[in-house]
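Colleague: Please take a close look at one part of this model for me. I would like to start with a pocket and then see what surrounds it.

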Amino acid sequence: TRYRDDVGLNDESAATLAFTDGAGEYFEEALAASTGGAGAQAIANWITGDLTAGLREADVEGPADSKVTPEAMAALAGLVEAKAVSRGAGRQVGAKLIAEGGDPAEIVEREGLGAVSDEGELAAIVAKAIEAEPEAAQEVRDGNHKAIGRIMGVVMKETQGRADGGAVQKLIREALL
């Protein structure tokens, strides 16, 4: 009840954290370590989702027994919330944390996983993607907004998934509509 009412978590996250051995304590430490970059729900989502799944795959009992410190989890959630890394890149960082531990920001730097956030650079990549997919571009102009996905696919391939999907979609719409 406290997680839901006082912390603001959704029912599923609150129940998972409250009734999974060690998860609540880990969450509390991660939340305390957060420097405001990520909210409680974002941290809870990472712990109950990607971290739990990755630890299960790695045959690790629980978050407290892993190489991923609560501080690292809070930092990773903050990087994703701040859009310094995409969600997909965040998952890659999470996998590295599970395997090796460490600092998420250092992993992002070392692996070149930082988000492509320069709007000029992103606009140029979007323009190339539109040129590479002229049929999709025409379909978008004709009102088939689902065709944006084909252009986004080209952008994501070019940026290796490091572009923010919302920003890419906005740039495509601005260019074509």
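Modeller: Start with the largest pocket. Its lining counts 16 residues. Nearest the centre of that pocket lie T20, D21, E61, G62 and P63. One caution before going on: this is a predicted model. The space in the largest pocket comes to about 250 Å³. Sort its lining by class, and you get six nonpolar, six polar and four charged residues. Which helix gives the most to this lining? That is α4, with five residues. So keep your eye on α4.

Now move to the second largest pocket. Its volume is about 210 Å³. Here 14 residues form the lining, and D50, G54, G94, A95 and I98 sit closest to the centre. Again α4 supplies the largest share, this time six residues. Helix α6, residues 87-100, is involved as well: α4 and α6 each supply at least two residues of this lining. By class, the second largest pocket is lined by nine nonpolar, two polar and three charged residues.

Helix α4 has turned up in both linings. Next, look at how it packs. In general, a pair of packed helices is described by two things: the angle between the axes and the distance between the axes.

Take α3 first. Helix α3 covers residues 23-33, and helix α4 covers residues 40-57. Their axes come within 10 Å and cross at roughly 135 degrees. Why are the two called oblique? An angle from 65 to 115 degrees would count as roughly perpendicular, and one over 145 as roughly antiparallel. The angle of roughly 135 degrees fits neither range, so α3 and α4 are oblique to each other. The crossing of α3 and α4 is right-handed. On the α3 side, the contact is made by Y26, F27, A30 and L31. On the α4 side, A40, I43, A44, I47 and L51 take part. By class, this contact of α3 with α4 has nine nonpolar residues, no polar ones and no charged ones.

Now turn to α5, residues 70-81. The axes of α4 and α5 come within 9 Å, crossing at roughly 110 degrees. That angle lies in the range from 65 to 115 degrees, so α4 and α5 are roughly perpendicular to each other. From α4, the residues in this contact are A42, I43, W46, I47 and L51. They meet M73, A74, L76, A77, V80 and E81 in α5. The classes here are ten nonpolar, no polar and one charged. Compare the two lists for α4: I43, I47 and L51 appear in the contact with α3, and I43, I47 and L51 also appear in the contact with α5.

Follow α5 one step further. It also packs with α7, residues 104-111. The axes of α5 and α7 come within 8 Å and cross at roughly 55 degrees. That makes α5 oblique to α7. In this contact, A72, A75, L76 and L79 of α5 meet P104, A105 and V108 of α7. This contact holds seven nonpolar residues, with no polar and no charged ones. L76 of α5 meets α7 here, and L76 is also in the contact with α4.

Past α7 comes a loop. G114 lies in it, between α7 and α8, which covers residues 119-132. Leaving aside residues up to four places away in sequence, G114 touches A84, V85, V108 and R162. V108 is one of the α7 residues that meet α5. G114 and T16 are 98 residues apart in sequence, and their C-alpha atoms are 31 Å apart in space.

Finally, step back to the whole chain. It has eleven helices and zero strands. The C-alpha trace spans about 55 × 35 × 30 Å along its principal axes.

Notes. Residues are numbered from 1 along each chain as its sequence is written. This is a predicted model: local features need pLDDT of at least 70, side-chain atom pairs count only at pLDDT 80 or more; totals for chains, interfaces and linings use all residues. Side-chain values use heavy atoms; hydrogens and water are left out. Axes are lines fitted to C-alpha atoms, for helices over the stretch in contact, and angles run from 0 to 180 degrees between N-to-C directions. Helices (H or I, at least four residues) and strands (E, at least two) are DSSP runs, numbered from the N terminus. Angles under 35 degrees count as roughly parallel, over 145 as roughly antiparallel, 65 to 115 as roughly perpendicular and the rest as oblique. A crossing is left-handed if the near helix is turned anticlockwise from the far one by less than a right angle, and right-handed if clockwise. Contact means heavy atoms within 4.5 Å. Ala, Val, Leu, Ile, Met, Phe, Trp, Tyr, Cys and Pro count as nonpolar, Asp, Glu, Lys and Arg as charged, and the others, Gly among them, as polar. On a 1 Å grid over the protein atoms alone, a cavity is a set of points where a 1.4 Å probe fits but cannot get out, and a pocket is an open set with protein on both sides within 12 Å along at least five of seven lines; lining residues have an atom within 4 Å of a point. Grid points are joined across faces, edges and corners, and a volume is the space filled by probe spheres set on the points.
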